[in-house]
Amino acid sequence: MRLQIHSTFTGAHRCRLTPSAGPWTRRLTGGSNAQHTFLLNAAGWPLSPSQNRDVFEDTRNTVVVADDTGAAYAGIIQRSDYARSNGALKVRSVDIRSIMKDRLLHGVNAYPLGNLTIVNRSNEGAVRAILQRAMQWGPLWEFPLDLPPDGPGDFSADWRNYQGMTIEDCLNAVEERGVEIDFHPTLNAQNVLRWQVRVAPKITSGAFDLPVTSPKSPISKLSIARDASRRLTGAIVFGNGMDEDMVTAWAGVPGFTIPVRDASRSAKDERDAAQLQQIANAYVAESADPIEEWSFTVDTTKVPLPNLLPGRVLNLDVRGDKWIPDGSYRKRVIALSGDALGHVVTPEVQDA
């Protein structure tokens with residue numbers, strides 16, 4: 001793995017640096033983060049003091065972890081901690097959605113322009129419209145995003161400026177329908193960073209076969225966690241309104257055999273009954289069964305990195321295990337973590 005610094009505005013490559021440590025986690029649908037340590041006093045450090053301040057300037061610069069096959073992680077610099085005693089600079093970075101959590105549908109000086117109406121668009125089209133609004137106000141608002149295609153569909157929303165909605169709030173409104181949104185970092189032939197915005201009910205990017213129990217398996221340290229803490233048999237969702245006028249929708253798991261575990265959820269910004277029903281359906285769909293998470297490490301010298309990135313489906317073949325029945329298990333990578341100095345990565349997977 002190698003570490004590069006890129007412009008957040010344009011994605012242009014700025015420099016390549018070697019950290020002394022650098023754990024990173026790339027997570028599907030947001031939550032990616034990393035912390036890299038750089039020894040500025042080390043012999044051969046290539047940057048001057050003024051260059052150090054420039055290259056590690058927060059928000060304007062993005063850290064990218066990659067190998068010769070492409071990017072594994074990209075995070076916007078958010079924080080730096082410098083220790084003069086040893087010249088160590090710890091740089092923390094987070095994914096691009098962290099900025100969307102603050103960015104409104106308008107500039108703070110353009111409140112009257114803050115309404116956004118989306119009518120009968122696909123999920124991809126809705127995300128495209130939201131992100132176009134996020135970047136439409138000028139060069140300092142722009143990111144190197146490859147937006148999803150527009151198209152007709154059943155998503156509609158009417159967000160008003162007085163609601164104070166952020167871009168992240170709007171993206172969440174699409175995700176509440178059982179949709180995943182992923183900002184997938186890529187490097188083009190000119191070593192320029194771009195984020196490919198992927199939208200789907202379940203984001204996938206092809207399949208790859210991995211033996212688990214063979215003597216030459218690239219997999220090690222396999223563990224399995226089964227979590228039923230969020231399992232539901234049904235959900236009622238409370239939407240917009242008060243008292244008897246409140247909009248509600250419910251969904252249930254057909255034929256469940258466990259003790260009843262119904263729950264309520266809130267979507268107070270939603271006024272449309274049909275949209276609220278989709279939200280209820282999505283809550284139940286994601287909570288009907290326990291979550292079974294497999295964790296293991298993979299040697300990227302034996303398995304190319306693109307076969308392990310979030311969204312990839314892994315066909316894990318197991319034979320002769322004491323807990324796992326013989327068979328092939330389809331698991332989708334939802335997160336990947338590693339270190340900028342190493343070639344071993346840890347996927348986090350769920351049923352495909």
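**Group meeting: sheets, spaces and two loops**

A search of the whole structure turns up 0 disulfides. A disulfide would be a covalent bond between the sulfur atoms of two cysteines. Keep in mind that this is a predicted model.

Two cysteines to note. Cysteine 15 has 12% relative accessibility, so it counts as buried. Cysteine 170 is buried too, at a relative accessible area of 0%.

Cysteine 170 takes us to helix H4, residues 167-175. How many of the 9 residues of H4 are buried? The count is 7, so H4 is largely enclosed by the rest of the structure. The buried ones are Ile167, Glu168, Cys170, Leu171, Ala173, Val174 and Glu175. What covers them? The cover includes helix H2 (97-100), H3, strand E10 (155-159) and E11.

Stay with E10 for a moment. In a regular strand the side chains alternate between the two faces of the sheet. E10 shows that alternation. Phe155, Ala157 and Trp159 point to one face, and they are buried. Ser156 and Asp158 point to the other face, and they are not buried. E10 also has a partner. Strand E8, residues 116-121, pairs with E10 in the antiparallel sense over 4 bridges. Within that pairing, threonine 117 has aspartate 158 of E10 as its bridge partner.

Next, the sheet that holds E11. This is an open sheet of 3 strands, ordered E9-E12-E11, with mixed pairing. Which strands are at the edges? They are E9 (145-146) and E11 (180-187), and each pairs on one side only. E11 and strand E12, residues 193-200, run antiparallel and are joined by 8 bridges. One example: phenylalanine 183 has valine 197 in E12 as its bridge partner. Helix H3, residues 123-135, packs on this sheet. H3 touches E9, E11 and E12, and its direction makes about 140° with that of E12.

Phenylalanine 183 comes back when we turn to enclosed space. Rolling a probe the size of a water molecule over the atoms shows where empty space is left. The count is 1 cavity of 30 Å³ or more. The largest cavity has a volume of about 100 Å³. Its lining has 13 residues, and the closest to the centre are Arg26, Ser32, Ala74, Asp95 and Phe183. Strand E3 (23-27), strand E6 (70-83) and E11 each supply at least two lining residues. Which of these gives the largest share of the lining? E11 does, with 3 residues.

Now the open space. The largest pocket has a volume of about 1,200 Å³. Lining it are 34 residues. Closest to the centre of the pocket are Glu180, Arg230, Glu286, Ile291 and Gln350. Several elements each supply at least two residues of the lining. They are H4, strand E14 (219-227), helix H5 (273-287), strand E18 (291-299), strand E20 (327-339) and strand E21 (344-351). H5 gives the most, with 6 residues.

H5 has a second role in this picture, on another sheet. That sheet is open, has 3 strands and mixed pairing, and its order is E16-E15-E17. E16 (248-252) and E17 (262-266) stand at the edges. Each has a single partner strand, so one side of each is left without a neighbour in the sheet. On average, neighbouring strands here are turned by 20° against each other, direction ignored. Strand E15, residues 234-238, pairs with E16 in the antiparallel sense over 5 bridges. In that pairing, isoleucine 236 stands opposite tryptophan 250 of E16. H5 packs on the sheet and touches E15, E16 and E17. The direction of H5 makes about 30° with that of E16.

Last, backbone angles. Most residues other than glycine have a negative phi. Two loop residues here go the other way. Threonine 29 has a positive phi, near 65°. Threonine 29 lies in the loop between E3 and strand E4 (33-39). With a relative accessible area of 28%, threonine 29 is partly exposed. Aspartate 243 also has a positive phi, near 50°. Where does aspartate 243 lie? Its place is the loop between E15 and E16. Buried or exposed? At 62% relative accessibility, aspartate 243 counts as exposed.

Note on methods:
Residues numbered from 1 in each chain as written. Predicted model: local features only at pLDDT ≥ 70, side-chain atom pairs only at ≥ 80, totals over all residues. Heavy atoms only, no water. Disulfide = S-S within 2.5 Å. Buried < 20%, exposed > 50% of the residue type's maximum accessible area, 1.4 Å probe, protein only. Pairing = 2+ DSSP bridges. Contact = heavy atoms within 4.5 Å. Axes fitted to C-alpha atoms, helices over the stretch in contact; angles between N-to-C directions. 1 Å grid on protein atoms, 1.4 Å probe; cavity = no way out; pocket = protein on both sides within 12 Å on 5 of 7 lines; lining within 4 Å. Points joined across faces, edges and corners; volume = space filled by probe spheres on them.
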